[in-house]
Amino acid sequence: NKIDSNENSRKKNFWLRLSGYYGSSSTRIRNSEAMYRTCTEAASRKTWHTNCMIGYDWKSKLLLRTLYVWLVNKRLVQEGKPFKKHQQVFFNEFWGDTRVHIRNAGVDELLNDKNLKIAQQCR
């Protein structure tokens with residue numbers, strides 16, 4: 001039975017390698033997604049709302065998530081050029097998720113895009 005399991009594992013790994021699952025780009029994407037998930041989980045801890053008296057509204061939650069993302073982003077910047085692509089994928093995860101939360105809060109998409117353009121020009 002253990003031999004069958006090892007054989008199945010080798011076949012699975014072969015197909016994963018063939019499909020590019022273990023490639024640098026795929027691995028980078030999975031790692032960046034995992035980093036972002038860690039940020040969202042840390043920002044969702046109840047202690048922020050109970051001990052620190054931060055509100056439960058979507059803006060407060062967004063600010064907490066943004067704080068964690070900013071901290072991780074700063075660390076990726078310190079790591080330099082090898083982590084530039086990780087940083088881009090990580091931020092894309094954050095921005096995509098943030099847009100969903102903003103839409104769910106009923107903020108107009110055009111207003112959202114206008115403010116983003118203004119923020120980008122201030123860099």
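Two helices, α4 (58–79) and α5 (84–104), each put at least two residues into the lining of the second largest pocket. Keep in mind that this is a predicted model. Helix α5 also packs against another helix, α2 (residues 24–43), with the two axes coming within 9 Å. So here's a quick look at both spots, pocket and helix pair, as α4 supplies six lining residues and α2 meets α5 at roughly 50 degrees.

**The second largest pocket**

- There's about 190 Å³ of space in this pocket.
- Its biggest contributor is α4, which gives six residues, the largest share of the lining.
- The lining residues are Leu62, Leu63, Thr66, Val69, Trp70, Asn73, Phe91, Phe94, Trp95 and Thr98.
- Sorted by class, you get seven nonpolar and three polar residues in that lining, and no charged ones.

**How α2 meets α5**

- The axes of α2 and α5 cross at roughly 50 degrees, which means α2 counts as oblique to α5.
- As for handedness, α2 goes past α5 in a right-handed crossing.
- On the α2 side, the contact is made by Arg28, Ile29, Asn31, Ser32, Glu33, Met35, Tyr36, Cys39 and Thr40.
- On the α5 side, the partners are Lys85, His86, Val89, Phe90, Glu93, Phe94 and Asp97.
- The class tally for this contact is seven nonpolar, four polar and five charged residues.

**Where the two topics meet**

- Phe94 is one of the residues lining the second largest pocket, and Phe94 of α5 also takes part in the contact with α2.
- Charged residues are absent from the pocket lining, whereas the α2–α5 contact has five of them.

Methods: Residues numbered from 1 in each chain as written. Predicted model: local features only at pLDDT ≥ 70, side-chain atom pairs only at ≥ 80, totals over all residues. Heavy atoms only, no water. 1 Å grid on protein atoms, 1.4 Å probe; cavity = no way out; pocket = protein on both sides within 12 Å on 5 of 7 lines; lining within 4 Å. Points joined across faces, edges and corners; volume = space filled by probe spheres on them. Helix = DSSP H or I, 4+ residues; strand = E, 2+ residues; numbered from the N terminus. Nonpolar A, V, L, I, M, F, W, Y, C, P; charged D, E, K, R; others polar. Axes fitted to C-alpha atoms, helices over the stretch in contact; angles between N-to-C directions. Parallel < 35°, antiparallel > 145°, perpendicular 65-115°, else oblique. Left-handed = near helix turned anticlockwise from the far one by under 90°. Contact = heavy atoms within 4.5 Å.
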